[in-house]
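Visitor: I have a structure to explore and some questions about it. Could you walk me through it, one step at a time?

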Amino acid sequence: MGRLFGTDGVRGVVNEELNPELVVRLGLAIGSFFDKGSRILVAMDSRAGGELIKNIVAGALMSTGVKVYDAGLAPTPALQYAVKSNGFDGGVMVTASHNPPEYNGIKVIGSHGIEVDRDEEEAIEELYWENRFRRVSWRELSHHVEKYPLVIEEYVKAVVSHVDRDLIKSRNYRLLVDPANSVGSLTTPLIARELGVKPIVVNGTLDPLFSGRLPEPTVENLAETSKLVREVGVALGVAHDADADRVIMIDEKGVVHWGDRTAALLARYLREKGLKGRVYTAVSSSVIVEEVLRPLNIDVVWLKVGSVDIAHTMRRNGDALCGFEENGGFMYPPHQYVRDGGMTTALFLEMLATYGVPASQLFESLPKYHTVKKKYKMSRESALAVVEKVKEAFRNERLITIDGVKVVSSDYWLLVRPSGTEPLLRVMIEAKTIERLDEVSQLVDSLISEVTGR
């Protein structure tokens, strides 16, 4: 039996890997995983093939005796909030998140509003590979798919309830919103208006081909957006991926900031507001997080890459101030234990309004590091061999080995880990000087050459 689920859901090129035959079987497996009579809410982003996949999944779920409710077009966090807040037994989100336009995918949500955990993914996969699907008699197939149109409204209201609306409104902010021609356009501009902020929307039409920009909010893909932030003159720019669970901030000078920088600022702000707890993040986040939060006596818990693992760990432990990934996924437990681009945007606006300084000034207060990110094509076996080489070479430094190896030193850190979804070795290095960055980078390259012969 192979793996269907990747780091977050099942994904593939529409009508190729993610074809109707696979979707039918996966839908039957998901329906059989939930109890008969379960109420399941489904939604999709604007990707090509979304309607096709959603309808096939809905039919397959019904075949297993599950009741299906259709939320239509909605961000993943809006679907998740609706599931946990309205007594649904689960949800299915049709999205490939940040993947290129030709991809689509399926996320399975539990009754708590979080994607199902790794053990539950394996249970669904077993049902899939063994064709162990529950079938109900024709007499039990009387349920029609019911529309559930309140998802957007409920979600926006919930987000706004967590921040100081009057304070934000008093600043008369203008916000540039780039929802990547997808479902963030249905929520983030509404959140801004409810907070008294004027949204200026770019790439705001729903476009399955993503003609405005590619869905992943990277520095390269946001070049035009960051230029607009400067030209239009707004307090802040925010850019989503296709299902709007992630958000990347662009300061008023047009500088794009990685999610771990934004999260370090937000965690510090939440602590200063009086909230308590530990911070949960993936090993791919910068040690800037520790440098910023240590003076406030906030513990940082390093976890494997993947928002699903972070979310479930926070939920189980019940002591989280917040959780996040460096890719722009931020989790605010008082709202929900999942990445939520709309909630993150509202919190950031409240932080700006509280401090009364430009966004660039907040980011400039963070420790300075030079960064390099690389990926090397190789088998998983070779990647694991490189990890062992790195552990040995840096054995006198602090090592975090929960996912590959993260090396933490006084003036640099590095992460070397096999990709969870592709035959790649991922390498991330940050150092306080260019010289140190080059030195560490060359050492890692030499260790890779010893394994690969390249």
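**Buried and exposed, from residue to chain**

Visitor: Is Arg417 buried or exposed?
Guide: Arg417 has a relative accessibility of 10%. The cut-off for buried is under 20%. Because 10% falls within that class, Arg417 counts as buried.

Visitor: Before we go on, what kind of model is this?
Guide: Keep this in mind for every value below. The model is predicted.

Visitor: Which side chain has a polar contact with the side chain of Arg417?
Guide: Start with where Arg417 sits: strand S20, residues 412–418. Beyond its neighbours within four places in sequence, Arg417 is in contact with residues including Val305, Val387, Gly404 and Leu424. Asp403 is also among these contacts. At 3.3 Å, the side chain in polar contact with that of Arg417 belongs to Asp403.

Visitor: Is Gly59 buried, exposed or partly exposed?
Guide: Gly59 belongs to helix H2, residues 50–63. Its relative accessible area is 37%. Buried means under 20% and exposed means over 50%. Because 37% lies in between, Gly59 is partly exposed.

Visitor: What separates the C-alpha atoms of Gly59 and Val372?
Guide: Along the chain, these two residues are 313 residues apart. In space, their C-alpha atoms are separated by 46 Å.

Visitor: With 454 residues, what radius of gyration does the protein chain have?
Guide: Begin with the box that the C-alpha atoms fill, roughly 70 × 60 × 40 Å along the principal axes. A compact globule with 454 residues would have a radius of gyration near 22 Å. The chain agrees with that, at 22 Å.

Visitor: Among contacts between residues at least 6 apart in sequence, how many join residues at least 24 apart?
Guide: The protein chain has 15 helices and 21 strands. Of its residues, 58% count as buried. For the contacts you ask about, the share is 72%.

Visitor: Which helix gives the most residues to the largest nonpolar core?
Guide: This core has 86 residues. Leu41, Leu195, Leu236, Val279, Phe330 and Phe348 touch the most other members. With eight residues, the helix that gives the most is H12.

Visitor: How many residues are in the other core?
Guide: That core lies apart from the largest one. Leu4, Leu22, Ile53 and Ala58 are among its members. Its count is 31.

Visitor: Which strands stand at the edges of the sheet S13-S12-S14-S15-S16?
Guide: This is an open sheet of five strands with mixed pairing. An edge strand has a single partner strand, so one of its sides is left without a neighbour in the sheet. Two strands fit that description, S13 (300–303) and S16 (336–339).

Visitor: In S16, which residue is the bridge partner of Met331?
Guide: Strand S15, residues 330–332, pairs with S16 in the antiparallel sense. Two bridges hold this pairing. For Met331, the bridge partner in S16 is Arg339.

Visitor: At about what angle does helix H11 run to S12?
Guide: Helix H11, residues 307–317, lies across S12, S13, S14, S15 and S16. Against S12, its angle is about 160°.

Visitor: How many of the 11 residues of H11 are buried?
Guide: The buried residues run from Ser307 through Val308, Asp309, Ile310, Ala311, His312 and Thr313 to Met314. Their cover includes helix H4 (118–130) and strands S12, S13, S14, S15 and S16. H11 is largely enclosed by the rest of the structure, because its buried residues number eight.

Visitor: In the sheet S8-S7-S9-S10-S11, which strands stand at the edges?
Guide: Five strands form this open sheet too, and its pairing is mixed. Look for strands with a single partner strand, so that one side of each is left without a neighbour. They are S8 (198–201) and S11 (256–257).

Visitor: In S11, which residue is the bridge partner of Met249?
Guide: Strand S10, residues 247–250, and S11 pair in the antiparallel sense over two bridges. Met249 also appears among the residues that Phe348 touches. In S11, the bridge partner of Met249 is His257.

Visitor: And which residue in S8 is the bridge partner of Leu175?
Guide: Strand S7 is largely enclosed by the rest of the structure, because four of its five residues are buried. S7 and S8 run parallel, joined by four bridges. The bridge partner of Leu175 in S8 is Pro199.

Conventions: Residues numbered from 1 in each chain as written. Predicted model: local features only at pLDDT ≥ 70, side-chain atom pairs only at ≥ 80, totals over all residues. Heavy atoms only, no water. Core = buried A, V, L, I, M, F, W, Y, C linked by side-chain atoms within 4.5 Å. Buried < 20%, exposed > 50% of the residue type's maximum accessible area, 1.4 Å probe, protein only. Contact = heavy atoms within 4.5 Å. Polar contact = N/O pair within 3.5 Å; in protein donor to acceptor, adjacent residues only side chain to side chain. Pairing = 2+ DSSP bridges. Axes fitted to C-alpha atoms, helices over the stretch in contact; angles between N-to-C directions. Rg over C-alpha atoms; globule rule 2.2 N^0.38 Å.
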